[in-house]
Amino acid sequence: MQTNHFDREGISLSGSIAKIPWFDSYFTGYIFGFLYDKKLYKFTTYSGAKVTVLNVTKDNIRMRLESNVYQLDIDADRSEGVELPAPKLGEMTAKVNESLNSRINVALLRKNGSGTELIYSGTGRNAGLEFVGNIAELVKGLKK
């Protein structure tokens, strides 16, 4: 998912979750960045952030990412897209449905001793969004 069409300039969201092959197995890896007020908030596998919520339906993707200090809530509407070529076993033989007119609601919060404090809440329009694969496999990989 990606969007930089928020209510003012300088705000952008980009992120991905995927099954990453690792020796004879795999892990679920993710990299999300939210740019706000000239600061990049990173929520990644390698930084120790966690995906604590991941719910995918035919029409929506809801997720929560948490670092030690921040929380990013994402609520993305899955709008109709177009079929594009995608890789499968090293060749571009698969198809993926990608939308370029989705809407993504974002809330960035700072954690504190008594709960959370809202830093920003808004909606990104004209968002690029695609989902391919088995949600159960992704979630299973998050719990490893």
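Q: Which residue forms a salt bridge with D75?
A: In this predicted model, the partner of D75 is R62, and the closest N and O atoms of the two residues are 3.2 Å apart.

Q: And where do D75 and R62 sit in the chain?
A: D75 belongs to strand β7, which covers residues 70–77, whereas R62 lies in strand β6, covering residues 60–66, so that the pair, 13 residues apart, links distant parts of the chain.

Q: What about R62, is it buried, partly exposed or exposed?
A: R62 counts as partly exposed, because its relative accessibility is 46% and the partly exposed class runs between 20% and 50%.

Q: How many salt bridges does the structure hold?
A: There are five salt bridges in the structure, among them the one between D75 and R62 just discussed.

Q: Which residue does D73 pair with?
A: D73 forms a salt bridge with R64, and here the closest N and O atoms come to 2.6 Å from one another.

Q: Are D73 and R64 buried or exposed?
A: D73 counts as buried, because its relative accessibility of 18% falls under the 20% cut-off, while R64, with a relative accessible area of 29%, is partly exposed.

Q: Changing topic, what meets the side chain of R110?
A: The side chain of E117 does, in a salt bridge with an N to O distance of 3.8 Å, which lies within the 4 Å limit for such a contact.

Q: How accessible are R110 and E117, then?
A: R110 is partly exposed at a relative accessible area of 31%, and E117 also counts as partly exposed, with a relative accessibility of 39%.

How values were computed. Residues are numbered from 1 along each chain as its sequence is written. This is a predicted model: local features need pLDDT of at least 70, side-chain atom pairs count only at pLDDT 80 or more; totals for chains, interfaces and linings use all residues. Side-chain values use heavy atoms; hydrogens and water are left out. Helices (H or I, at least four residues) and strands (E, at least two) are DSSP runs, numbered from the N terminus. Buried means under 20% relative accessible area, exposed over 50%, partly exposed in between (1.4 Å probe, protein chains only).
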